[in-house]
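Subject: Structure for your review

Dear colleague,

Please find below the structure that I am handing over to you. I would be grateful if you would look through it alongside the notes that follow.

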Amino acid sequence: MLQFVNYKKTYGDYPALQIPDLELEAGIYWIKGVNGSGKSTLLKSIAGILAFNGDIVLDGNVSIKKQPVGFRKLVNFAEAEPLFPEFLTGAEMISLFADAKDAPKGQEKQYIESMGIQTYMERPIGTYSSGMLKKLSLVLAFLGNPKLILLDEPLITIDTAALKILYSWISEQSTQHGVSFMLSSHQPLDADELPRAGELLVANQTLTING
Ligand SMILES: Nc1ncnc2c1ncn2[C@@H]1O[C@H](COP(=O)(O)OP(=O)(O)OP(=O)(O)O)[C@@H](O)[C@H]1O
C-alpha cells in the first residue's frame with residue numbers, strides 16, 4: 001500500500017527520521033513512539049505538507065514527488081491540534097475540503113449527523129471548543145475517496161461517544177472500501193474495536209514494523 005524509498009527528513013542539521021526502503025501492506029496501523037520520536041514528522045511527510053528527501057509511493061504507482069496532486073487526493077490527514085481560519089464556519093470549511101477532494105455530492109451529511117456536529121455547522125470556527133474542532137477535523141479527514149487516512153492523535157480531546165463513532169467509521173472504511181489508516185497515539189487503540197490493527201514503532205530516528 002505505501003512504499004518508502006530512501007526517505008530522510010532533517011530539520012536543519014538534525015536528522016529527525018530516516019526510513020530505508022520499507023513497504024507497508026494495506027491495513028490499520030497504530031504508530032507508537034515517545035514524545036519527539038518523529039510520529040508527527042512521519043504523518044506530515046506522508047500528507048505532503050513537509051519537504052523530505054527520497055520518495056513515498058502509494059499503491060505502487062502514485063509518487064508523492066512525481067504526482068503530488070494525485071497523491072494528495074488519495075491521502076487525507078487530520079492534525080493533532082487542527083488550526084483552521086477562525087472566520088469560516090464549519091460548513092464552509094467542509095465545502096472547501098469536499099471540493100478539493102472531489103467528494104461525492106452530499107457525502108459529508110452522514111458524517112456530520114453521525115458525529116452530531118450539525119448544531120454548530122453555521123457558527124464561525126473561532127467559537128469552537130477543542131473537542132468541536134477535533135470532531136470537525138475528523139469529518140474532513142473522511143471526505144472524498146481516500147486510499148489512506150492519517151490521523152495524528154485522534155483519541156485526544158473527543159468524548160467517549162465520539163470515540164466510538166470514530167472507531168466505527170474506521171472499521172467501515174477499512175472493511176468495506178479497503179481504506180488504510182495510520183493513527184498516532186500515546187494510548188493503545190481499542191483492540192475490541194480495531195482487532196486487526198498492526199503496530200509501527202518510531203524510535204532511534206527510524207520506523208519499524210513492530211512484531
Ligand atoms: N519545525 C521543526 N524544527 C526543528 N525541529 C523539529 C521541528 N518539528 C519537529 N522537530 C524535531 O523533530 C523531532 C520529532 O518531532 P515530532 O513532532 O515528529 O515528534 P512526535 O513523535 O510527533 O512527538 P509528540 O509525541 O511529542 O507529539 C523532535 O526532536 C522535534 O524537536
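Which residue in β8 is the bridge partner of valine 75? The partner is leucine 148. Please bear in mind throughout that this is a predicted model.

The pairing belongs to a wider arrangement. Strand β7 covers residues 75–78 and strand β8 covers residues 148–152. The two strands run parallel and are joined by four bridges. Within β7, Val75 and Phe77 point one way, while Asn76 and Ala78 point the other way. All four of these residues are buried.

Overall fold

The protein contains six helices and eleven strands. Its C-alpha trace spans about 45 × 35 × 35 Å along the principal axes. A compact globule of 211 residues would be expected to have a radius of gyration near 17 Å, and the protein agrees with this because its own value is 17 Å. Of the 211 residues, 34% are buried. Among contacts with a separation of 6 or more, 72% are between residues 24 or more positions apart.

The nonpolar core

The largest nonpolar core comprises 52 residues, and Leu150 and Phe181 have the most contacts inside it. Helix α5 (residues 130–141) provides the largest share of this core, namely five residues. Which residues does phenylalanine 181 contact, leaving aside its neighbours within four places in sequence? They are Ile28, Tyr29, Ile149, Leu151, Ile170 and Ser174. Two of these, Ile149 and Leu151, fall within the span of β8, residues 148–152.

The ligand surroundings

The residues around the ligand are Tyr11, Tyr14, Ala16, Gly33, Asn35, Gly36, Ser37, Gly38, Lys39, Ser40 and Thr41. Both β2 (14–19) and α1 (39–47) supply at least two residues each to this shell. The largest share comes from α1, with three residues.

Annotation from the record

The unreviewed UniProt entry places the feature "domain: ABC transporter" at residues 2–209. In the model, that span is 32% helix and 27% strand. The C-alpha atoms at its two ends lie 13 Å apart.

As you go through the model, you may wish to begin with the pairing of β7 and β8, then turn to Phe181 in the core, and finally to the shell around the ligand.

With kind regards

Notes:
Residues numbered from 1 in each chain as written. Predicted model: local features only at pLDDT ≥ 70, side-chain atom pairs only at ≥ 80, totals over all residues. Rg over C-alpha atoms; globule rule 2.2 N^0.38 Å. Buried ≥ 20, exposed ≤ 12 C-beta atoms within 10 Å, placed from the backbone. Contact = placed C-beta atoms within 7 Å. Core = buried A, V, L, I, M, F, W, Y, C linked by C-beta atoms within 7 Å. Pairing = 2+ DSSP bridges. UniProt positions renumbered as here; feature names shortened; annotations may be inferred. Near = placed C-beta within 6 Å.
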